[in-house]
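These are my notebook entries on a single protein chain. I set out to look up its cores, some individual residues and one helix pair.

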Amino acid sequence: MRAWLRKFGSDVYLVDIQKGKEGEGRIVSVSENVKDGQRILFVPVSVMMTSASAQSSSIGKRIRDSGCTVKSSHTWLAAHLMEEKRKQKQSRFFQYTCSLPKRFDNMPINFTTEQKHLLKGSSSLEQVKAMSNELRQEYSTLVEHVKGFDYSFEVFVWARLCVLTRAFAIEKNGRPMDALVPVADMLNHSNNPTVSWYYDNSQKGFVITAEKGINKGTEVFDSYGIKSQRRFFVNYGFTIDRNIFKHNQAVITVTLSSLDPAYKHKLPRIGTGAGGRDASARFTVSPGYRSRGVGRMLSYCRFVTAKQEELNKAPDKFARPQEVGIISIPSEIRALKRLEQSTLQALSMFPDPLHSDHKALKTNVFRNANDRNCMVMRASEKEVLHWFVGFCRAMCDLYRRLSSETTAESRIATFNKMHKITWRKVLGHKWMQSYKDYIDDAVEELIFEH
């Protein structure tokens, strides 16, 4: 492939490509010492496959002419890729298509039933199922409407996975598009990348430069972006041992019980479900009070635990279940207890406790890379859930301490006194500092304004 790339003007002299260990694919390293800021790879647009060129291709025109709606932008590139691969040596991209993986056994969508069993309790299984359904629907639409679309579903899935795991989001002449870039799409991810990339409109090509000095023979790493463990796992087929904790995610379901005394008054405000049944809301959240979705989840907990007299006294405050603000200390304690209960319910869906996952990862004896990735995936979710359990318990403990004071003045004095000491020392919790946002926003509001 190197000779083919050089023929079209690529600069690939500073990179070596080697086969990696199981689960690593290929490894790209530098063939000599490289300085900070030095260009190590240039790939001209003539050997790149872009979503723009895909829409102008033969199959792209047939898709457009069919009038069918393509739900994913990746489908354009996937269709173009399938067409070029079928041409074999007649394709200008033959060398590139030959370099692509033959199979994607590392992708959860292709896992066996036995492998998926290792993910029991994990929200990643639902993500995988949704991906599978979306691919099936997209494929059925193409088969039904596009003339001559006779590719098998397996080939379509292969092409879509190629695009999902390898495409770059570039901007060419001010137009955003997806692109498959030979060699560049072989770089592995790191949260501490050693290179960066960009599309150069003046040079009409894709450029990779060193972010630091790199010694000869050292693997170079790109960044696929800051993502949750679940997204790395489901969309790329790998996990990060020490992924940034605050970006990991878990799913927590909060339920309004049909046995709630105020059920009939609350249900219409939710606007979903039928009377006589529990009504649930699912939240995909990361650790941290200011993380996306956490505020809405806690608001919903305030709503489902509200008493009838609270609803009667301030109905406007409960008009939007996921936008309920601070009410009172008793109300907040009830909300936190409900969140803890919901989080423990999510943890109970896993057959094994977190400490057993940590022990297995420490021993590090697995049949294959997929088994280990499953373990890292489910452990990351449990860690997030344990964070929320600790958060709820620590904040309830804090409120109980403050509630023991009989006057607002004494509560303020106690609060200020505690503020002078490390919260972690007062409440004895290892994550106390990470709760500071909630303390600053919610606790202070209750103490000083209520």
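Entry 1. I first fixed the terms for accessibility: a residue is exposed when its relative accessible area is over 50%, buried when it is under 20%, and partly exposed in between. I note that the model is a predicted one.

Entry 2. I looked up two residues with unusual backbone angles. Gln-88 has a phi near 55°, a positive value in a residue other than glycine. I found Gln-88 in the loop between H4 and helix H5 (94-99). Its relative accessible area is 51%, so I recorded Gln-88 as exposed. Val-183 also has a positive phi, near 70°, and is not a glycine. I located Val-183 in the loop that runs between strand E6 (175-180) and strand E7 (188-189). Is Val-183 buried or exposed? With a relative accessible area of 2%, Val-183 is buried.

Entry 3. I turned to Leu-81, which belongs to helix H4 (residues 74-87). I entered Leu-81 as buried because its relative accessibility is 0%. Which residues does Leu-81 touch, leaving aside those up to four places away in sequence? I listed Met-49, Thr-97, Leu-100, Trp-158, Ala-159, Cys-162 and Leu-180. For one of these, Cys-162, I noted a separation from Leu-81 of 81 residues in sequence and a C-alpha to C-alpha distance of 8.9 Å.

Entry 4. I then examined the nonpolar cores. The largest has 72 residues, and Ile-40, Leu-41, Phe-149 and Phe-206 have the most contacts inside it. Helix H8 (residues 153-166) supplies the largest share of this core, 9 residues. Around Phe-149 I found contacts with Ile-59, Met-82, Tyr-139, Leu-142, Val-143 and Phe-156, again not counting residues up to four places away in sequence. I also recorded a second, separate core of 55 residues, with Tyr-289, Ala-346, Met-395 and Ile-447 among its members. As background, nonpolar side chains tend to be buried together in soluble globular proteins.

Entry 5. Last, I inspected the packing of helix H11 (residues 294-304) against helix H13 (residues 329-348). Their axes are 8 Å apart and meet at an angle of about 110°. I therefore classed H11 and H13 as roughly perpendicular to each other, and I noted that their crossing is right-handed. On the H11 side, the contact is made by Met-297, Leu-298, Cys-301, Arg-302 and Val-304. H13 contributes Glu-332, Ala-335, Leu-336, Arg-338 and Leu-339. By class, I entered 7 nonpolar, no polar and 3 charged residues for the contact of H11 with H13.

Key:
Residues numbered from 1 in each chain as written. Predicted model: local features only at pLDDT ≥ 70, side-chain atom pairs only at ≥ 80, totals over all residues. Heavy atoms only, no water. Core = buried A, V, L, I, M, F, W, Y, C linked by side-chain atoms within 4.5 Å. Buried < 20%, exposed > 50% of the residue type's maximum accessible area, 1.4 Å probe, protein only. Helix = DSSP H or I, 4+ residues; strand = E, 2+ residues; numbered from the N terminus. Contact = heavy atoms within 4.5 Å. Axes fitted to C-alpha atoms, helices over the stretch in contact; angles between N-to-C directions. Parallel < 35°, antiparallel > 145°, perpendicular 65-115°, else oblique. Left-handed = near helix turned anticlockwise from the far one by under 90°. Nonpolar A, V, L, I, M, F, W, Y, C, P; charged D, E, K, R; others polar.
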